[in-house]
Each structure stands twice: as C-alpha cells, then as structure tokens.
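This briefing sets out the architecture of the structure shown below, arranged by topic for a computational reading.

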Amino acid sequence: MSDTVDARPGPLLEARSVERSYGRTPALREASLSVRAGEILAIMGPSGSGKSTLLHCLAGIFTPDAGEIWFDGRRLDLLNDARRSELRRTAFGFVFQFGQLVPELTVADNVALPLLLGRVGRRQAYPRAGEMLRRLRLEELGERRTGELSGGQAQRVAIARALVTRPKVIFADEPTGALDSLAGEEVMELLVGLARQEGTTVIVVTHDARVAACADREVVVRDGRVTDPYAGQVLR
Ligand SMILES: Nc1ncnc2c1ncn2[C@@H]1O[C@H](COP(=O)(O)OP(=O)(O)OP(=O)(O)O)[C@@H](O)[C@H]1O
C-alpha cells in the first residue's frame, strides 16, 4: 500500500505530542491523533486511560501542558480564551453522557439556544431549531420541558442542539453511556446519519464496541498514549 497515492483530504484536527497532567497525575503522554474532515472517529480505551482529557484538549476546553493542537490549519492551543470560546461556539458542537440540557427550558428553547447565543434572531433561530427537531424525529416534543424527557429523547435533543449551528466537528463523550442498548443504537444511528448528510466530523469517546462500530475508524488510548497510524503522517 505504501506506493499508493493517498487522495483523501488532509487532517482537519490534530493533536501533536500532547501532554497533560492533573497535578502530578499524567493523563496524556505524547498523544498524537489526526482526524480528517468528514471522518467519524471513535476513541476507545480502558477507564482512566485519558480519553476524555484528549477530547477536551482537541476541543480547546483544556490547553495542553506541552504539544500542539491544530484545527483547520491553525494552532488552537495558542488562541486566547475568548477566541477559543468563540471557536467552540461557532465551529464545534458537543454531546455529553447526560445531555446537559437546561431542564427549565422547552426542547425547542434548548435547541434554539446556541443560535440565540450566536446572535441569530428568534425569527430565524426557532424555525431552524424546528427543522433540526424534525430531522431527529422530535417535532412532537418541541414544547416539552427537557426535565420531562426519557434518556434517549434527551440525547436526541442534545444532538439537535449540537448540530443546529452546522458545526465542523461534533465532540461526543460517551453519548450513549446512560442509555439502554436499543436507545443507544437509535441515538448513534441518528448522530452518524445526520453527520454524514452534513459532512460533519464526529469524534466519539466510547467504551461500547457497538458505538465504535458506527465509526469509520477507531483509535485506542492506553495509559495516556494513542495508537493512531495516521498521526503526523499526512503532508499538508
Ligand atoms: N479532575 C481531575 N483531577 C485529577 N485527576 C484527574 C481528573 N480528571 C481525570 N483525572 C485522571 O486523569 C487520568 C485520565 O482521565 P480521563 O477522564 O481522561 O480518562 P478516561 O479514559 O476518559 O476515563 P473514563 O473512561 O473512566 O471516563 C485518570 O488517571 C484520571 O484519574
């Protein structure tokens, strides 16, 4: 295979030799990873191996102690807090294990919220939220408060909220971890199906081999190190 020309697009997001510790506990050691535009990548590995820390570094939530994070040709780790927050709001979407919706607000409000925070007017934000809810088969639930939803419904709302701004990358940390297997499968099918339609890159941390099977590729984190054959190998 070494003499074949690699015609796939270059990396959209990369970690290069990233180190990160919590006090004296090292969580990442020279972790390198390369994700292409439109790729759906599963990050697997034992509990405590550094998966969530890696995801947080890639998303610009944590800054690495050493190493580099590159996003779309720019050093993400060198941006100041305000620029990183703006990038997270405009280019990234997040889905966590427990939806992290605002329970007092309705489903429609929760999905419109990222648009409203991005200064999209209500008259545009709510129809866009409604369209996303329709695509996630949630249109009947728009007026419900999110505190009244089942776990699977709440995760579908979290996906709608993550996708409504049309981000380049979705970061998902154990998105099915709190669901039974049927609800988990439905959530992953919807997330992956919509991401493929939109060309969205997805990075999903999971313990679940069935979730990883929905991805294009998986990498394993062990003891803060990543096995990624593509890391650092793609020429710009
Ligand atoms: N806030 C923190 N303070 C101190 N140590 C932490 C903190 N968060 C994580 N760690 C440690 O860093 C290491 C990596 O943790 P991380 O949460 O990234 O692993 P993980 O692979 O996502 O684990 P899990 O699958 O159990 O969620 C572990 O040794 C963990 O104990």
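Strands β1 and β2 run antiparallel and are joined by eight bridges. The model is a predicted one, in which local features need pLDDT of at least 70, side-chain atom pairs count only at pLDDT 80 or more, and totals for chains, interfaces and linings use all residues. Residue numbers start from 1 along each chain as its sequence is written. Helices (H or I, at least four residues) and strands (E, at least two) are DSSP runs, numbered from the N terminus. Two strands are taken to pair if DSSP finds at least two bridges between them.

**The four-stranded sheet**

- Within the pairing of β1 with β2, Arg20 stands opposite Leu28 of β2.
- The hairpin of β1 and β2 has two residues between the strands, and Gly23 there adopts a positive phi near 60°.
- Strand β1 (residues 11-22) is also linked to strand β4 (residues 66-71) by five bridges, and β1 and β4 run antiparallel.
- Ala15 has Ile69 of β4 as its bridge partner.
- Helix α1 packs on this sheet, where α1 touches β1, β2 and β4, and the direction of α1 makes about 125° with that of β1. Contact here means that the C-beta atoms of two residues, placed from the backbone, lie within 7 Å. Axes are lines fitted to C-alpha atoms, for helices over the stretch in contact, and angles run from 0 to 180 degrees between N-to-C directions.
- The open sheet has four strands in the order β2-β1-β4-β5, with antiparallel pairing.
- The edges are occupied by β2 and β5 (74-75), each with a single partner strand, so one side of each has no neighbour in the sheet.

**The ligand shell**

- The ligand is surrounded by Tyr22, Thr25, Ala27, Gly45, Ser47, Gly48, Ser49, Gly50, Lys51, Ser52 and Thr53. A residue is near the ligand if its C-beta atom, placed from the backbone, lies within 6 Å of it.
- At least two residues of this shell are supplied by each of β2 (25-36) and α1 (51-58).
- The largest share, three residues, comes from α1.
- The shell comprises two nonpolar, eight polar and one charged residues by class. In this classification Ala, Val, Leu, Ile, Met, Phe, Trp, Tyr, Cys and Pro count as nonpolar, Asp, Glu, Lys and Arg as charged, and the others, Gly among them, as polar.

**The six-stranded sheet**

- A further open sheet consists of six strands in the order β6-β7-β8-β3-β9-β10, with mixed pairing.
- Its edge strands are β6 (92-95) and β10 (225-227), each of which pairs on one side only.
- From one strand to the next, the twist averages 20°.
- Three bridges pair strand β9 (residues 217-222) with β10 in the antiparallel sense.
- Val220 has Thr227 of β10 as its bridge partner.
- Helix α5 lies across β6 and β7 (169-173) and runs at about 170° to β6.

**Helix packing**

- The axes of α3 (residues 107-117) and α5 (residues 151-163) come within 7 Å and cross at roughly 30°. The two helices α3 and α5 are therefore roughly parallel to each other. Angles under 35 degrees count as roughly parallel, over 145 as roughly antiparallel, 65 to 115 as roughly perpendicular and the rest as oblique.
- In this pair, Val107, Asn110, Val111, Leu113 and Pro114 of α3 meet Val157, Ala160 and Arg161 of α5. The contact of α3 with α5 has six nonpolar, one polar and one charged residues.
- Helix α3 packs against α4 (residues 122-135) at an angle of about 125°, with axes 8 Å apart. The helices α3 and α4 are therefore oblique to each other.
- Residues in the contact of α3 with α4 divide into 11 nonpolar, one polar and two charged.
- Helices α5 and α6 (residues 181-198) pack at about 15°, with their axes 9 Å apart. This makes α5 roughly parallel to α6.
- The contact involves Gly151, Gly152, Gln155, Arg156, Ile159 and Leu163 of α5 and Ala183, Glu186, Val187, Leu190, Leu191, Leu194 and Glu198 of α6. By class, the contact of α5 with α6 has seven nonpolar, three polar and three charged residues.
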